[in-house]
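Biologist: I should like to learn how to read the side-chain contacts and the strand pairing of a protein model. May we begin with pairs of opposite charge?

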Amino acid sequence: KPHELVVIDPVTGIMLQRIDLPSNQDTDPNPTPVSEQILQPDKEGQLSYTGLVFSPDGNRIYLANVNGNIKVFAVDQRTGMVSGLFTITLRRADAPDRKTEIPAGLAVWTDGQKLYVVLNLSNRLAEFNAADGTLLRTWDVGVAPFTVVLAGKKVYVSNWGGRRPDAQS
């Protein structure tokens, strides 16, 4: 459970880079790469069920953190070096035993403009502006959503739970 993103060469298995998670205070809507010497890196980050996703152009990495946020990283296409950009803070879930939302599945729209995040505890799918992390809209989905997949012009969400309870159950 390191509190960092680790870049590994897939051919050799050699660790190329260790990047601290952007601070929870790094929420600037006009992000620029933060220093490699982050003064207050997120030391509580725990990653997620489903890990991370790259933008279609490979310039960004989005990492779901089970502590209620998404960590955003830049990838320098010339050097391959990764740097922390900012943190997208999610709304509280206010579930019975936990207040912090758990982001699970992530997907980036084909043009790279929108980030879709499954909100496991609040049973919702959120759409964010991928460039600055602004919440655009949310949808109710099934119970305990786990992942999201884009196919054509549709967004599909898988759910771990059954039907939603109603007044009779």
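Modeller: Certainly. Glu4 and Arg18 form a salt bridge, with their closest N and O atoms 2.3 Å apart. Glu4 belongs to strand 1 (residues 4-8) and Arg18 to strand 2 (residues 15-20), so the pair links distant parts of the chain, 14 residues apart. Please bear in mind that this is a predicted model.

Biologist: What is the general idea behind such a contact?

Modeller: Side chains of opposite charge can pair when their charged atoms come close. In this model, a search of the whole structure finds five salt bridges.

Biologist: Are Glu4 and Arg18 buried or exposed?

Modeller: Glu4 is buried, because its relative accessible area is 13% and the limit for burial is under 20%. Arg18, with a relative accessible area of 49%, is partly exposed.

Biologist: What is found for Asp76 and Arg78?

Modeller: The side chains of Asp76 and Arg78 meet in a salt bridge at 3.3 Å, N to O. Asp76 is partly exposed, at a relative accessible area of 26%, whereas Arg78 is exposed, at 73%.

Biologist: Which residues are joined into one network by salt bridges that share partners?

Modeller: Let us start from one pair. The side chains of Glu127 and Lys114 form a salt bridge of 3.9 Å, N to O. This pair links distant parts of the chain, with Glu127 in strand 9 (residues 124-129) and Lys114 in strand 8 (residues 114-119), 13 residues apart. Through shared partners, salt bridges join Lys114, Glu127 and Arg137 into one network. Glu127 counts as buried at 2% relative accessibility, and Lys114 as partly exposed at 30%.

Biologist: How do strand 8 and strand 9 pair?

Modeller: In general, strands of a sheet pair through backbone hydrogen bonds, either parallel or antiparallel. Here, strand 8 and strand 9 pair in the antiparallel sense over six bridges. One residue pair may serve as an illustration: the bridge partner of Leu115 is Phe128, in strand 9.

Biologist: What is the order of the strands in the open sheet?

Modeller: The open sheet has four strands in the order 7-8-9-10, with antiparallel pairing. Strand 7 (103-108) and strand 10 (135-140) are the edge strands, each pairing on one side only. From one strand to the next, the twist averages 20°.

Biologist: How should an aromatic pair be described?

Modeller: A pair of aromatic rings is described by the distance of the centres and the angle of the planes. The count for this model comes to three aromatic pairs. Among them, Phe146 and Trp160 are stacked, with 4.6 Å centre to centre and 20° between the planes.

Biologist: Where do Phe146 and Trp160 lie?

Modeller: Phe146 lies in strand 11 (residues 145-151) and Trp160 in the segment after strand 12 (154-159), so the pair ties together parts that are 14 residues apart in sequence. Phe146 is partly exposed, with a relative accessible area of 22%, while Trp160 counts as exposed at 54% relative accessibility.

Biologist: Which residues form one aromatic cluster?

Modeller: Trp109, Tyr116 and Trp139 form that cluster.

Biologist: Finally, with which side chain does Lys71 make a polar contact?

Modeller: The side chain of Lys71 makes a polar contact with that of Thr87, at 3.2 Å. Lys71 lies in strand 5 (residues 69-75) and is buried, with a relative accessible area of 0%.

Notes. Residues are numbered from 1 along each chain as its sequence is written. This is a predicted model: local features need pLDDT of at least 70, side-chain atom pairs count only at pLDDT 80 or more; totals for chains, interfaces and linings use all residues. Side-chain values use heavy atoms; hydrogens and water are left out. A salt bridge is a side-chain nitrogen of Lys or Arg within 4 Å of a carboxyl oxygen of Asp or Glu. Helices (H or I, at least four residues) and strands (E, at least two) are DSSP runs, numbered from the N terminus. Buried means under 20% relative accessible area, exposed over 50%, partly exposed in between (1.4 Å probe, protein chains only). Rings of Phe, Tyr and Trp (its six-membered ring) pair if their centres lie within 6.5 Å; planes under 30 degrees apart count as stacked, over 60 as edge-to-face and the rest as tilted. A polar contact is a pair of N or O atoms within 3.5 Å; within protein, one must be able to donate a hydrogen and the other to accept it, and residues adjacent in sequence count only if both atoms are side-chain atoms. Two strands pair if DSSP finds at least two bridges between them. Axes are lines fitted to C-alpha atoms, for helices over the stretch in contact, and angles run from 0 to 180 degrees between N-to-C directions.
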